[in-house]
Amino acid sequence: MRFTAPRSPSSSPERKRRASTFGLNSSSESDVDEVVDLESDSGESVPESSDSDSFCYGSESEIPPLPSKQKKLSSRPSREQNQIDDTIAAIRLRTRHHDPYEEWEKDMKKDSLRAARKNYNDSEAHFIHYQNQRRIEDSKRLAAAFKQDEMQLIQKLDGLRLQQQAREKTLQEKLAERNEILWKRIEASIKLEQDKEQVKLDEQRRVREEAEKRRREEEENTRREEERKRDAEERKRREEEGEKRKKEEEERRLREEKEAAIQEAKEREERLKSEEENRKAAGMTTSEEDWKEARKNLQVVKTQGTRLVKATPTLKPTWSSARRAITAKIGQLTNDAETINRVSSQLVEILLPINRPLPPPVYTALLSALAKALVLQAETEITAEKRSAIPLAEVTFNCLERLEGFSEVLFAKITQRIGPWALPCPIPEKDFDDRPWKDNQEVRRIQGFRSGEDGVLETQSQYTDRVKGVMRLYFSVLKITPKKTPLKKMFQLPRYWTWMARLLGSKTLLATAVGAEVLFVALEVLGADALQIWGYQFVKMLRVIYDASTEGLGGGKVLGGTTPDGIAARARVKLEVESIMKGGQ
């Protein structure tokens, strides 16, 4: 019989057969098996080792001797018996040997049991957690269901409550309507009685009020009539006093101006008489002579031109259509060279048609219409915008170069529109034909004042603005250099020196606000150019102007007068002189 150790069914480390270490003879294992079988057959059992003998020996010499037993007498030989004993000792030693595989198998069982317990505990904890989660979810679901049921119940109760409130409101409205109808009936009955009584009271009150109103109206009418009479008398008295004072002031001013003008005229006449021979030799004229010449030319243009054409049915249509074309062309003017040349050429073509020349009266009347259109354009456009004087002056200059007789007509029209400021000179006591003026209104008209459609004379400020616009056009024309032949003497650049000398020689003109404004325009337009042309001589003239603007004109007179417009104009003249001198340096 063979002794075999129990084997684990699981995988285990591989066991290797080792050489015998029990000091047995080199006999095969079959011999050992036979010995074991024999011993088993002999009925001897191998004593089981206790737990305390479960350890290994390093060699056979360390094995303690077995307790002596009384051996049975055997018929085996001693050598065989020794082999049997050695075999049994080897088997005993082998059974007590510590096997690593078995130790590993035992550890594996413990680890497996520990892992199984851990897996069991984890799965149990997971199961408990899952049950708790399910229980929580079921609780939430039940709570949500309960909440939904609660909300549905609340909504249903709210709906029932709203229905009840609607029914109550309907009943209340019906009750209120019924009460309102009842009260209306009651109030209507009461009002009917009150109206009857009120009618009686109103009638009585109306009678009283009418009587009181008539009495108050009579008193008010009486009072108003008295006040009206007093106001009329007071207004009449003030108007009379104002008219009287205004008339006295106007008479005093005119008397002073007249006296000053007479005195100045006498002095100028004496001076002119002493200079008459030299002036005639130089071909120069006085401002009064130029004024009379302009007035005479204006009269000729009226009698031989405009009035004659208007009175002639065959000439009037030609003049009217050409006059409208002139006005339209002047309105198209802008500040660019192409437009200026085009408008100038068109204006010349209107007055000098190529196919058929115009009759002399029509030509003269159209010269007057062209001059009037240019002057009116200067009064409106240049007053609003100074730069618009440049294109208008260039068109005017082109017409003066190409139209015969236009210089005399334009200068006469300027004298008509703004008075003697283009000369300049005071208004003489008589017209060019020695006819005395009718009244002060005619003198104001000759000075250039215009009346509106209602017959009211324009203000001093409006008159000054018109004069400034036309004089800016005049000085801008003087500034342009002729390309061909020089223009007439009243439109030549030396006229600027003559104009400045005449104005500075008349304190009467300088003491007015218009005189100061026109002097400022002259300096602004041509002051810098005059300084370049006349040099030191013009510096002397600027010195005279500056002294007049700072120290006055003498005799109690100041440049521009004492009005606000005159004071402002005097300040502008002073600044312009300073600007010209700084630019000349």
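# Exercises on a predicted model

A search of the whole structure, which is a predicted model, finds 12 aromatic pairs.

## Exercise 1. Two aromatic pairs

Classify the ring pair of tyrosine 474 and phenylalanine 491, then that of tyrosine 496 and phenylalanine 538, and place each ring in the fold.

**Solution.**

Step 1. The ring centres of tyrosine 474 and phenylalanine 491 are 5.7 Å apart, and the angle between the planes is 65 degrees. An angle over 60 degrees counts as edge-to-face, and that is the class of this pair.

Step 2. Tyrosine 474 belongs to helix 11 (residues 460–479), while phenylalanine 491 is in the loop between helix 11 and helix 12 (494–504); the pair therefore ties together parts that are 17 residues apart in sequence. Both tyrosine 474 and phenylalanine 491 are buried.

Step 3. For tyrosine 496 and phenylalanine 538, the centres are 6.3 Å apart and the planes stand at 35 degrees, so this pair is tilted.

Step 4. Because tyrosine 496 is in helix 12 and phenylalanine 538 in helix 15 (residues 536–551), the pair ties together parts that are 42 residues apart in sequence. Tyrosine 496 and phenylalanine 538 are both buried.

Step 5. The residues of both pairs belong to one aromatic cluster, formed by Phe411, Tyr474, Phe475, Phe491, Tyr496, Trp497, Trp499, Trp534 and Phe538.

## Exercise 2. The surroundings of phenylalanine 475

Determine where phenylalanine 475 lies and with which residues it is in contact, leaving aside its neighbours within four places in sequence.

**Solution.**

Step 1. Phenylalanine 475 is located in helix 11. Its relative accessible area is 0%, so phenylalanine 475 is buried.

Step 2. With neighbours within four places in sequence left aside, the contacts of phenylalanine 475 are Tyr496, Trp499, Val518, Val521, Ala522, Val525 and Leu526.

Step 3. Take alanine 522 from that list: 47 residues separate it from phenylalanine 475 in sequence, and the C-alpha to C-alpha separation in space is 6.6 Å.

Step 4. Tyr496 and Trp499 appear among these contacts, and both are also members of the aromatic cluster that includes Phe475.

## Exercise 3. Salt bridges in different settings

The count comes to 37 salt bridges. Describe the bridge of glutamate 209 with arginine 205, that of aspartate 290 with arginine 495, and that of glutamate 442 with arginine 435.

**Solution.**

Step 1. Side chains of opposite charge can pair when their charged atoms come close. In the bridge between glutamate 209 and arginine 205, the closest N and O atoms are 3.7 Å apart. Both residues lie in helix 3 (residues 100–282), four residues apart, which is about one turn of the helix.

Step 2. Glutamate 209 has 45% relative accessibility and so counts as partly exposed. Arginine 205, at 33%, is likewise partly exposed.

Step 3. Aspartate 290 and arginine 495 meet at 3.0 Å, N to O. Aspartate 290 is in helix 4 (residues 287–311) and arginine 495 in helix 12, so the bridge ties together parts that are 205 residues apart in sequence.

Step 4. Aspartate 290 is buried, because its relative accessibility is 9%. Arginine 495 is buried as well, at 8%.

Step 5. The side chains of glutamate 442 and arginine 435 come to 2.9 Å, N to O. Glutamate 442 is buried at 7%, whereas arginine 435 is partly exposed at 30%.

Step 6. Glu442 and Arg435 take part in a network of salt bridges that also links Arg295, Asp431 and Arg445.

## Exercise 4. Charges over rings

Identify the ring that lies beneath arginine 444 and the ring beneath the charged end of arginine 572.

**Solution.**

Step 1. Arginine 444 lies over the face of phenylalanine 449, at 3.9 Å from the ring centre.

Step 2. The charged end of arginine 572 sits over the ring of phenylalanine 520, at 5.8 Å from its centre.

## Exercise 5. Helix 6 and its cover

Compare the span of helix 6 with the expected value, and state what covers its buried residues.

**Solution.**

Step 1. Helix 6 (residues 337–351) has 15 residues, and its first and last C-alpha atoms are 22 Å apart, close to the expected 21 Å.

Step 2. The buried residues of helix 6 include Thr339, Ile340, Val343 and Leu347.

Step 3. The cover over the buried residues of helix 6 includes helix 5 (316–331), helix 7 (360–384) and helix 8 (389–402).

Definitions and conventions:
Residues numbered from 1 in each chain as written. Predicted model: local features only at pLDDT ≥ 70, side-chain atom pairs only at ≥ 80, totals over all residues. Heavy atoms only, no water. Helix = DSSP H or I, 4+ residues; strand = E, 2+ residues; numbered from the N terminus. Expected span 1.5 Å × (residues − 1). Buried < 20%, exposed > 50% of the residue type's maximum accessible area, 1.4 Å probe, protein only. Contact = heavy atoms within 4.5 Å. Phe/Tyr/Trp six-rings, centres within 6.5 Å; stacked < 30°, edge-to-face > 60°. Lys NZ or Arg CZ within 6 Å of the ring centre and 35° of its normal. Salt bridge = Lys/Arg side-chain N within 4 Å of Asp/Glu carboxyl O.
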